[in-house]
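Welcome! Please take a moment with the sequence and the 3D view before reading on.

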Amino acid sequence: MITVRPASQRGHFNHGWLDTYHTFSFADYRDPGHVQFRALRVMNEDVIAAGRGFGMHPHENMEIITYVLSGALEHRDILGTGEVIRPGDGQRMSAGSGILHSEFNPSPTEPVHLLQIWILPDKDKLGIEPSYEQKPFPDAGKRGQWRLIASPTGEQGSGTIQADAKLLVTKLAPGESLPFTLGDGRHAWLQMAKGAATLNGTLSATQLHQGDGAAISNESALTLVASEDAEALLFDLA
């Protein structure tokens with residue numbers, strides 16, 4: 001079963017310095033029908049104006065992934081981490097027992113466009129020491145194939161998250177197709193970051209555009225076919 005979460009139905013707030021869309025309930029956006037999908041708790045699409053950002057604020061017991069689509073985002077935290085996240089980077093922060101961090105657009109002229117992702121950690125990973133990790137994942141490893149960028153084991157050079165979930169990313173040219181097989185009892189969430197693509201087949205095809213998401217259950221074989229240049233994120237979830 002594939003259930004589409006259209007981009008147009010997301011929660012939307014434009015604060016001037018921050019233009020944000022919420023796939024699931026978040027902050028002042030409350031939607032009882034869309035609180036989370038499996039362990040995927042937050043999928044926010046943010047555009048942050050030049051020279052603006054989020055000051056120091058707390059998190060705990062959450063796996064937080066920032067995926068930058070354009071521009072750059074500067075991360076700082078009380079662990080002493082100071083990194084700039086750019087397109088192609090894989091970044092995760094395990095909030096664990098508690099962490100303070102800030103996110104700021106360092107450009108004086110250009111906005112930064114990003115996806116802010118939260119994944120609930122496994123119960124036995126609650127209260128762990130907070131940590132931060134950032135790795136580059138060049139486009140060459142994503143074009144026409146799934147590139148694993150986050151997993152519980154850090155396999156294939158991915159970042160390590162404290163949850164039974166994997167995050168894979170691809171970039172497809174128009175007409176290019178890419179399969180994925182879900183294991184028994186697994187679920188998936190597909191998020192279109194850019195462009196458009198068709199998910200699963202022709203007669204029963206699901207067309208997805210930038211900002212659309214799809215909850216996937218009881219489907220073992222997935223095929224994504226790009227109808228234009230596309231970038232997609234796939235979450236393999238328990």
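The report below goes through strands, salt bridges, aromatic pairs and a surface patch.

## About the model

This is a predicted model, in which local features need pLDDT of at least 70 and side-chain atom pairs count only at pLDDT 80 or more, while totals for chains, interfaces and linings use all residues. Residues are numbered from 1 along each chain as its sequence is written, and side-chain values use heavy atoms, with hydrogens and water left out.

## The open sheet

Let us begin with the strands, which are DSSP runs of E with at least two residues, numbered from the N terminus. Two strands count as paired if DSSP finds at least two bridges between them. In general, strands of a sheet pair through backbone hydrogen bonds, either parallel or antiparallel.

Here, 7 strands make up an open sheet with mixed pairing, and their order is β1-β20-β17-β22-β15-β13-β14. The edges are taken by β1 (2–5) and β14 (159–160); each has a single partner strand, so one side of each is left without a neighbour in the sheet. Within this order, β15 (residues 165–172) and β22 (residues 230–237) run antiparallel and are joined by 8 bridges. If you would like a place to look, A165 has L237 as its bridge partner in β22.

## Strand β10 and its partners

Strand β10 covers residues 99–104. Strand β5 (residues 53–59) runs antiparallel to β10, with 5 bridges between them; P58 is matched there with L100 of β10. Strand β7 (residues 73–77) is also antiparallel to β10, through 4 bridges. In that pairing, H75 has E103 as its bridge partner in β10.

L100 also takes part in a surface feature: together with M56 and I78, L100 forms a nonpolar patch with about 280 Å² of accessible area in total. Patches are made of residues with over 30% relative accessible area and no salt bridge, nonpolar side chains (Val, Leu, Ile, Met, Phe, Trp, Tyr) being joined within 5 Å and like charges within 9 Å. The areas come from the Shrake-Rupley method with a 1.4 Å probe, and for residues only the protein chains shown count as cover. L100 has 35% relative accessibility and therefore counts as partly exposed, on a scale where buried means under 20% relative accessible area, exposed over 50% and partly exposed in between (1.4 Å probe, protein chains only).

## Salt bridges

Side chains of opposite charge can pair when their charged atoms come close. How many salt bridges does a search of the whole structure find? The search gives 10, a salt bridge being a side-chain nitrogen of Lys or Arg within 4 Å of a carboxyl oxygen of Asp or Glu. One of them joins R10 and E45, whose closest N and O atoms are 2.9 Å apart. R10 sits in the loop between β1 and β2 (11–14) and E45 in strand β4, so this pair links parts of the chain 35 residues apart. R10 and E45 are both buried.

R186 is worth a visit too. R186 meets D164 in a salt bridge with an N to O distance of 3.1 Å. The loop between β16 and β17 holds R186 and the loop between β14 and β15 holds D164, so the pair ties together parts 22 residues apart in sequence. R186 counts as buried at 19% relative accessibility, whereas D164 is partly exposed at 36%. R186 also forms a salt bridge with D236, the closest N and O atoms being 2.8 Å apart. Because D236 lies in strand β22 and R186 in the loop between β16 and β17, this pair ties together parts 50 residues apart in sequence. D236 is buried, at 10% relative accessibility. Elsewhere, R92, E133 and K135 are joined into one network by salt bridges that share partners.

## Aromatic pairs

Rings of Phe, Tyr and Trp (its six-membered ring) pair if their centres lie within 6.5 Å; planes under 30 degrees apart count as stacked, over 60 as edge-to-face and the rest as tilted. The count by this rule is 5 aromatic pairs. Among them, F24 and W189 have ring centres 5.2 Å apart and planes at 55 degrees, so the pair is tilted. F24 lies in the loop between β3 (18–22) and β4 (40–48), and W189 in strand β17 (residues 187–194), so parts 165 residues apart in sequence are tied together. Both are buried: F24 has a relative accessible area of 2%, and W189 one of 3%. F24 and W189 form one aromatic cluster with F37.

The rings of W146 and F180 have centres 6.1 Å apart and planes at 75 degrees, so this pair is edge-to-face.
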